[in-house]
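Trainee: Please give me a close look at the salt bridges in this model. I would also like to see how the parts around them fit together.

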Amino acid sequence: MKVNECMCTDVYSANPETTIYDVVKIMQDRHVGCVPICDKQNCIVGLVTDRDILLRGVACDKDTKTTPISEIMTSNVCCCNAEDEVYQVENKMSEHQIRRIPVIENNKVVGILTMGDLAHCDKQLGKQEVCTTIENICSCEGKVKNCC
């Protein structure tokens, strides 16, 4: 199964100058837990999750109404392509312990593949494979990756 058969294509992005507060409003309005950060050509330059906002923004006393999202976003974003096989992307998500992965074409965001998308496609992918991927993504080895 290809990623484009399982991914979400209704993706809203923000630019690096968007404030943390405005990205939170996007997440609230769109009912999403992550927002790709794209430059003026719609090329991905970062990704921010609700967890990033809490740990790198709120917990570090950032002023959410004035701080640009670029100060707390993840810059080295792990991505995949729409034509990739889902099992390959599942391996990548497990290896990097990421719950959501932007889908890009020519460095432009065309979708997002999430753990929820994998769960919805479990009949085609196999329940055990999806469960193993989710278990690998969610395992915690005491590593702290966020700091102020």
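Mentor: Gladly! The count comes to four salt bridges, where a salt bridge is a side-chain nitrogen of Lys or Arg within 4 Å of a carboxyl oxygen of Asp or Glu. Some ground rules: this is a predicted model, in which local features need pLDDT of at least 70 and side-chain atom pairs count only at pLDDT 80 or more, while totals for chains, interfaces and linings use all residues. Residues are numbered from 1 along each chain as its sequence is written, and side-chain values use heavy atoms, with hydrogens and water left out.

One of the salt bridges joins the side chains of Lys 2 and Glu 85, at 3.1 Å from N to O. Lys 2 belongs to the segment before helix H1 (20-30) and Glu 85 to the loop between S3 and H3, so this pair ties together parts that are 83 residues apart in sequence. Helices (H or I, at least four residues) and strands (E, at least two) are DSSP runs, numbered from the N terminus. Both partners count as partly exposed, Lys 2 at 26% relative accessibility and Glu 85 at 22%. For these classes, buried means under 20% relative accessible area, exposed means over 50%, and partly exposed is in between (1.4 Å probe, protein chains only).

Another link between these regions of the sequence involves Tyr 87 in helix H3. The C-alpha atoms of Tyr 87 and Val 3 are 9.0 Å apart in space, although the two residues are 84 apart in sequence. Tyr 87 is partly exposed, with a relative accessible area of 44%.

Helix H3 (residues 86-96) lies across S3, S4 and S5 and runs at about 130° to S4; axes here are lines fitted to C-alpha atoms, for helices over the stretch in contact, and angles run from 0 to 180 degrees between N-to-C directions. Those three strands form an open sheet in the order S3-S4-S5, with mixed pairing. S3 (80-81) and S5 (108-114) stand at the edges with a single partner strand each, so one side of each has no neighbour in the sheet. Strands pair if DSSP finds at least two bridges between them. S3 and S4 (residues 100-105) run parallel and are joined by two bridges, and Asn 81 stands opposite Ile 104 in S4.

Cys 78 lies in the loop between helix H2 (50-58) and S3. Leaving out residues up to four places away in sequence, Cys 78 touches Lys 92, His 96, Ile 98, Ile 101 and Pro 102, a contact being heavy atoms within 4.5 Å. The C-alpha atoms of Cys 78 and Gly 46 are separated by 9.5 Å, with their positions 32 residues apart along the chain.

Now to a salt bridge inside helix H2. Asp 52 pairs with Arg 56, the closest N and O atoms being 3.7 Å apart. The two are separated by about one helical turn, because they are four residues apart in H2. Here the partners are buried: Asp 52 has a relative accessible area of 8% and Arg 56 has 18%.

Leu 55 also lies in H2, and is partly exposed at 33% relative accessible area. Together with Leu 54 and Val 58, Leu 55 forms a nonpolar surface patch with about 250 Å² of accessible area. Patches are made of residues with over 30% relative accessible area and no salt bridge, with like charges joined within 9 Å and nonpolar side chains (Val, Leu, Ile, Met, Phe, Trp, Tyr) within 5 Å. Accessible areas come from the Shrake-Rupley method with a 1.4 Å probe, and for residues only the protein chains shown count as cover.

The hairpin deserves a look too. S1 and S2 (residues 44-49) pair in the antiparallel sense over five bridges, with Val 35 opposite Val 48 in S2. Five residues lie between the two strands, and Asn 42 in the turn has a positive phi of about 65°. All five residues of S1 (residues 34-38) are buried, so this strand is largely enclosed by the rest of the structure.

Finally, Glu 71 and Lys 62 meet through their side chains in a salt bridge of 3.4 Å, N to O. Glu 71 is partly exposed at 48% relative accessibility, as is Lys 62 at 30%.
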